[in-house]
Amino acid sequence: PMAPVHCFSVIDSTNQYLLERVSRLQSGESCLAECQTAGRGRRGKPWVSPFGCQLILSMYWRLEQGMAAAMGLSLAVGVAVVEALESLGYPGVELKWPNDLYYQGRKLAGILVEMSGSAGASCHLVIGIGLNLAMPERQGEKIDQAWSELRHVQPELVDRNQLAARVLQHLQQAMVTFEQSGLGSFVDNWNRLDYFAGQPVKLLMGDQVIRGIARGIDDRGALRLETDEGIKFYLGGEISLRRG
Ligand code: BTN
């Protein structure tokens, strides 16, 4: 049976809503809203989420493998969302490591995976997705980077309920697959969708800048970078990837 979907018009944050209730949720239970007053982005940044302009959703999952698997999981989520869009006739959406959706070099959606305390060997995960549908110009001014929206991909947008249902369905399926076999079965698709594949990039890690050619991800979800000193691998954390 389908897990419950909690729907709100206005909420502080759909991630926060689920995080506050983890002990009472079943895997796949999700939260949808039209607008967030305290939407959260990665690296502590706020996420601009004006009324009715985005698909704003979060899904709870109890991950039996525990926290170590969570990094790979967020990459699998990216693949699942792009495939949901492809299945609805939105082509050309790509992934930027670790987990942004890009369209023609601009950010279309963000993914934020948050964890709350471990429950024995397993951990509580909340997967949040914010996908721009059609943002009014004055709202877009608040966003600190080049952004895109789904109506640029395909001017005739599919019904929002259908979109939400399809994304939830692909997300749930991806989580089941991930639990059974890890990131492995997502890696080829992630690399197929890699926005930076074969491009010169720079990695920002604190004060350090590392340059190389992006060569996709490995089975752990580490970024593979071809540098002057050979192939190097980078795992998550506070790393930011830019065109070099
Ligand atoms: C990013 O910085 O790219 C991640 C953005 C994630 C935004 C989504 S919107 C639904 C969910 N609730 C939140 O507060 N954040 C995520």
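## The ligand shell, the helix packing and the two domains

In this predicted model, a shell of 20 residues lies around the ligand, and among these residues Ser13, Gly41, Gly110, Gly128 and Gly130 come nearest to it. Two or more residues of the shell are given by each of helix 1 (14-19), strand 3 (54-63), strand 6 (106-119) and strand 7 (122-132). Sorted by character, the shell around the ligand holds 11 polar residues, 5 nonpolar residues and 4 charged residues.

From the ligand we can turn to the division of the chain, which consists of domain 1, covering residues 5-192, and domain 2, covering residues 200-243. The C-alpha centres of domain 1 and domain 2 are 23 Å apart, and the two domains are in contact through 12 residues of domain 1 and 10 residues of domain 2. On the side of domain 1 that touches domain 2, helix 2 and helix 6 each supply at least two residues, and helix 6 gives the most, with 4 residues. That side of domain 1 is made up of 7 nonpolar, 3 polar and 2 charged residues.

Helix 2 and helix 6 also meet each other. As a general matter, a pair of packed helices is described by the angle between the axes and by the distance between them. For helix 2 (residues 70-87) and helix 6 (residues 184-192), the angle is about 60 degrees and the axes are 9 Å apart, and the two helices are therefore oblique to each other. Their crossing, that of helix 2 and helix 6, is left-handed. In this contact, Leu75, Ala76, Gly78 and Val79 from helix 2 meet Phe186, Asn189 and Trp190 from helix 6, and the residues of the contact comprise 5 nonpolar and 2 polar ones, with no charged residue.

Helix 2 has a further partner in helix 5 (residues 160-181), with which it packs at an angle of about 140 degrees, the axes again being 9 Å apart. Helix 2 and helix 5 are therefore likewise oblique to each other, but the crossing of helix 2 and helix 5 is right-handed, whereas that of helix 2 and helix 6 is left-handed. On the helix 2 side of the contact with helix 5 are Leu73, Ala76, Val77, Val79, Ala80, Val81, Glu83, Ala84 and Ser87, and these meet Arg166, Val167, His170, Leu171, Ala174 and Phe178 in helix 5. The residues of this contact divide into 11 nonpolar, 2 polar and 2 charged. Reading the two contacts together, Ala76 and Val79 of helix 2 appear in the list for helix 6 as well as in the list for helix 5.

Two details of the backbone remain, and both are found in loops. In general, most peptide bonds are trans, and most residues other than glycine have a negative phi. The peptide bond from Trp97 to Pro98, however, is cis, with omega near 0 degrees, and Pro98 belongs to the loop between strand 4 (93-96) and strand 5 (100-103). Arg43, although it is not a glycine, has a positive phi of about 50 degrees, and Arg43 is placed in the loop between strand 2 (30-36) and strand 3.

Terms used:
Residues are numbered from 1 along each chain as its sequence is written. This is a predicted model: local features need pLDDT of at least 70, side-chain atom pairs count only at pLDDT 80 or more; totals for chains, interfaces and linings use all residues. A residue is near a molecule or strand if its C-beta atom, placed from the backbone, lies within 6 Å of it. Ala, Val, Leu, Ile, Met, Phe, Trp, Tyr, Cys and Pro count as nonpolar, Asp, Glu, Lys and Arg as charged, and the others, Gly among them, as polar. Axes are lines fitted to C-alpha atoms, for helices over the stretch in contact, and angles run from 0 to 180 degrees between N-to-C directions. Angles under 35 degrees count as roughly parallel, over 145 as roughly antiparallel, 65 to 115 as roughly perpendicular and the rest as oblique. A crossing is left-handed if the near helix is turned anticlockwise from the far one by less than a right angle, and right-handed if clockwise. Two residues are in contact if their C-beta atoms, placed from the backbone, lie within 7 Å. Domain bounds come from an automatic or database domain assignment.
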